[in-house]
Every structure is written in C-alpha cells, then in structure tokens.
Amino acid sequence: MTETLRIGLPKGRMERAVFTLLAEAGIQVTPTARGYRPHVRFDCAEAKVLKPQNIIEMLLHGSRDVGFAGADWVAELSADEVEVLDTGLDQVELVAAAPVTLLVDARLPAHKLVVASEYERLAQGWITSRRLDAACVRSYGATEVFPPEDADVIVDCAATGATLRANGLVIVDTLMRSSTRLYASPLAWSQRAKRRRIEDLAMLLGSVLEARRRVMLEVNASSECLERVVAALPAMRRPTVSPLFGNGSYAVKAAVPRDLLPTVIPAVKAAGGTDVVVSTLAQIVP
C-alpha cells in the first residue's frame with residue numbers, strides 16, 4: 001500500500017502562483033468544506049494550507065513530507081530542509097531600507113539605531129556584520145510603516161520596491177535574494193518510496209516551468225537551405241526534421257527559448273525558411 005504524501009501548500013502571497021503551477025502540471029487543488037485542507041489531485045496525497053514559516057517547521061518535525069516556502073524563511077529559521085526545486089516564482093530581495101532623510105552621504109548614521117523586522121535572526125546577523133550600533137525590534141507584518149517614528153531602519157522583502165518608495169524609504173543594503181521553492185522533509189527524503197514521489201512531483205512542476213520558458217517553432221525549409229535553417233535554431237538538443245509530402249522540402253521543429261524569438265525568427269527567415277509558426281507549450285520533460 002502506498003503511503004500518503006503529506007504536502008504543505010503556502011498561504012499568502014505565494015498561494016496563487018503555486019496553485020496555478022500545480023494546475024498547469026495537472027495537479028488540481030480544489031477547496032473543500034474544511035478550508036485549510038483542500039483536495040489535491042495527486043495519487044495518494046493530502047494537503048494542508050499553512051503559512052510558509054509553519055511549512056518549514058512542519059517539514060523539520062516530519063509532519064509534512066514536502067512543501068512550498070521562500071528561501072528567506074528557510075534562512076531565517078536556519079532550517080535543514082532539502083531543497084528539491086527552485087520554482088523561480090515570487091522573486092524578492094530581503095533588503096535593509098531607511099528614510100532618505102536619515103541618511104548621511106547615502107549612508108546610515110553612526111548613532112544608535114532601531115531596526116524593525118519580521119526576520120529577527122537575519123536582521124541581527126546583518127547588524128553584526130555591518131558593525132552597527134543598533135537594537136532589533138520584532139515586527140509582525142506591515143514593517144514598512146515603522147519608520148520614522150518607531151524604527152530607523154527596516155529589514156523586509158521587496159519585489160519591485162514600490163511599497164518602500166510609497167513609504168518614503170530607500171534601500172541601503174541587500175541581504176539575500178529569495179523565491180518560492182519546493183522543500184522536502186529530511187525524514188521523507190531519506191525514505192526511498194517517498195523520495196521517488198517527491199522527485200516525480202518536482203519533475204512535473206519543472207516540466208511546466210521549462211515549457212513557460214520555451215515555445216515550439218516550426219518552419220519549412222527546402223533541401224537547399226535545410227542545413228542553414230537548422231543551424232539557426234537553438235534547440236534543446238537537435239531540431240526534429242521531417243520530409244514534406246511531394247515537394248522535396250522539410251518541416252523543421254524545435255523548442256526555442258521564448259526570449260530568443262526576436263533574433264531567431266529573422267535568422268530563420270534569412271536562412272531561407274518559410275511558413276514560420278510559433279506555438280505555446282504546456283509541459284516539457286527532458
């Protein structure tokens with residue numbers, strides 16, 4: 001009998017992107033009457049929606065086998081989970097920021113400071129590494145509103161910096177970069193059957209992420225220009241080449257990085273290719 005795989009799904013800013021990624025991998029997450037325990041369409045699995053910080057703790061305790069969390073919270077909690085997949089979703093930077101009026105020649109002043117942060121351990125480590133005369137105050141959300149009355153500096157996550165700017169803050173240092181990642185419990189990872197299922201989950205999610213980065217480019221080429229057209233295509237391995245019926249020409253197909261299209265399509269046309277078609281991909285499993 002297959003043992004149940006216990007999945008931790010993130011609540012909050014990561015939730016929508018993770019649920020969309022799972023759905024595109026064919027793993028639909030459906031709400032149930034028990035709001036924090038949705039049905040997940042993955043063979044012999046059950047899920048619970050938790051704050052990322054709690055997912056990390058549950059993975060350490062072994063009550064969850066696999067779950068999604070940000071690298072920032074893994075660093076803050078000094079956790080020893082196994083990183084299985086970096087989804088690249090919800091990319092943020094953990095930064096130190098302060099009111100521009102506090103800065104002296106774009107630097108923090110030498111006098112004693114108050115630093116507010118949800119990331120108490122990382123903030124304290126930053127204070128020590130920068131040799132600042134500062135005390136750290138634990139915040140519980142909305143950290144950006146602390147300055148200038150209740151703190152001089154904050155250590156918080158920033159995606160675009162818009163929230164910081166709206167509150168009159170400027171970045172003075174970057175502590176780390178983070179994104180949503182799939183982590184496994186060390187206990188589950190040590191068990192062959194559960195590790196295989198976690199790796200299968202990571203493969204399915206990775207196939208969607210790879211498909212998002214690429215498109216399928218199809219082009220027709222005569223026998224005279226075939227080699228030039230093939231040479232112009234940056235395929236994953238080698239392009240697929242199939243003869244067209246009746247006229248001695250070929251259909252060439254390749255999964256091409258999406259961001260290279262502006263250079264690839266003109267190059268293919270210049271090489272003699274015709275009838276270029278670009279289509280989206282759902283999943284790519286190498």
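A residue is called exposed when its relative accessible area is over 50%, and buried when that area is under 20%. With that in hand, welcome to a short tour of this predicted model. Asp275 makes a good start: its relative accessible area is 52%, so Asp275 is exposed. From there we visit an open sheet of eight strands, some empty spaces, and a handful of residues worth finding on your screen.

**The sheet and its helix**

- Strands of a sheet pair through backbone hydrogen bonds, either parallel or antiparallel.
- Here, eight strands form an open sheet with mixed pairing, and their order across the sheet is β4-β1-β5-β10-β6-β9-β7-β8.
- At the edges sit β4 (45-50) and β8, each of which pairs on one side only.
- From one strand to the next, the twist averages 25°.
- For a detailed look at one pairing, try strand β5 (residues 66-70) and strand β10 (residues 169-184), which run antiparallel to each other and share five bridges.
- Which residue of β10 is the bridge partner of Ala69? The partner is Arg181.
- Helix α4 (residues 120-129) packs on this sheet and touches β6, β7, β8, β9 and β10. The direction of α4 makes about 170° with that of β8.

**Pockets open to the outside**

- Rolling a probe the size of a water molecule over the atoms shows where empty space is left.
- The largest pocket has a volume of about 570 Å³, and 26 residues line it.
- Which residues lie nearest the centre of the largest pocket? They are Arg13, Gln53, Trp73, Glu118 and Tyr119.
- Several elements contribute to this lining: α2 (52-61), α3 (71-76) and β9 (153-158) supply at least two residues each.
- Sorted by class, the lining of the largest pocket holds eleven nonpolar, five polar and ten charged residues.
- The second largest pocket has a volume of about 170 Å³. Its lining is made of Ala106, Arg107, Leu108, Trp126, Arg130, Leu132, Val172 and Asp173.
- In the second largest pocket, five lining residues are nonpolar and three are charged, with no polar ones.

**A closed cavity**

- How many cavities of 30 Å³ or more are there? The count is one.
- The largest cavity has a volume of about 40 Å³.
- Around this cavity you will find Ile7, Leu9, Leu22, Ile27, Val40, Phe68 and Leu201.
- By class, this lining has seven nonpolar residues, with no polar and no charged ones.

**Two buried residues**

- Is Ser249 buried or exposed? Ser249 has a relative accessible area of 15%, so this residue is buried.
- Ser249 belongs to the loop between β12 (240-243) and β13 (250-257). Beyond its neighbours within four places in sequence, Ser249 is in contact with Ala221, Ser222, Ser242, Pro243 and Leu244.
- Val264 is part of helix α9 (residues 261-270). Because its relative accessible area is 5%, Val264 counts as buried.
- Not counting residues up to four places away in sequence, Val264 touches Leu217, Ala232, Leu233, Pro234 and Val256.
- Val264 and Arg177 are 87 residues apart in sequence, and their C-alpha atoms lie 31 Å apart in space.

**Backbone details to look for**

- Ala106, which we met in the lining of the second largest pocket, has a phi near 65°, a positive value in a residue other than glycine.
- You can find Ala106 in the loop between β6 (82-99) and β7 (113-117). Ala106 is exposed, because its relative accessible area is 66%.
- Asp275, our starting point, also has a positive phi, of about 55°, although it is not a glycine. Asp275 lies in strand β14 (residues 274-280).
- Which two residues does a cis peptide bond join? The bond links Pro147 and Pro148, with an omega of about -5°.
- Pro148 is found in the loop between β8 (134-138) and β9.

How values were computed
Residues are numbered from 1 along each chain as its sequence is written. This is a predicted model: local features need pLDDT of at least 70, side-chain atom pairs count only at pLDDT 80 or more; totals for chains, interfaces and linings use all residues. Side-chain values use heavy atoms; hydrogens and water are left out. On a 1 Å grid over the protein atoms alone, a cavity is a set of points where a 1.4 Å probe fits but cannot get out, and a pocket is an open set with protein on both sides within 12 Å along at least five of seven lines; lining residues have an atom within 4 Å of a point. Grid points are joined across faces, edges and corners, and a volume is the space filled by probe spheres set on the points. Helices (H or I, at least four residues) and strands (E, at least two) are DSSP runs, numbered from the N terminus. Ala, Val, Leu, Ile, Met, Phe, Trp, Tyr, Cys and Pro count as nonpolar, Asp, Glu, Lys and Arg as charged, and the others, Gly among them, as polar. Buried means under 20% relative accessible area, exposed over 50%, partly exposed in between (1.4 Å probe, protein chains only). Contact means heavy atoms within 4.5 Å. Two strands pair if DSSP finds at least two bridges between them. Axes are lines fitted to C-alpha atoms, for helices over the stretch in contact, and angles run from 0 to 180 degrees between N-to-C directions.
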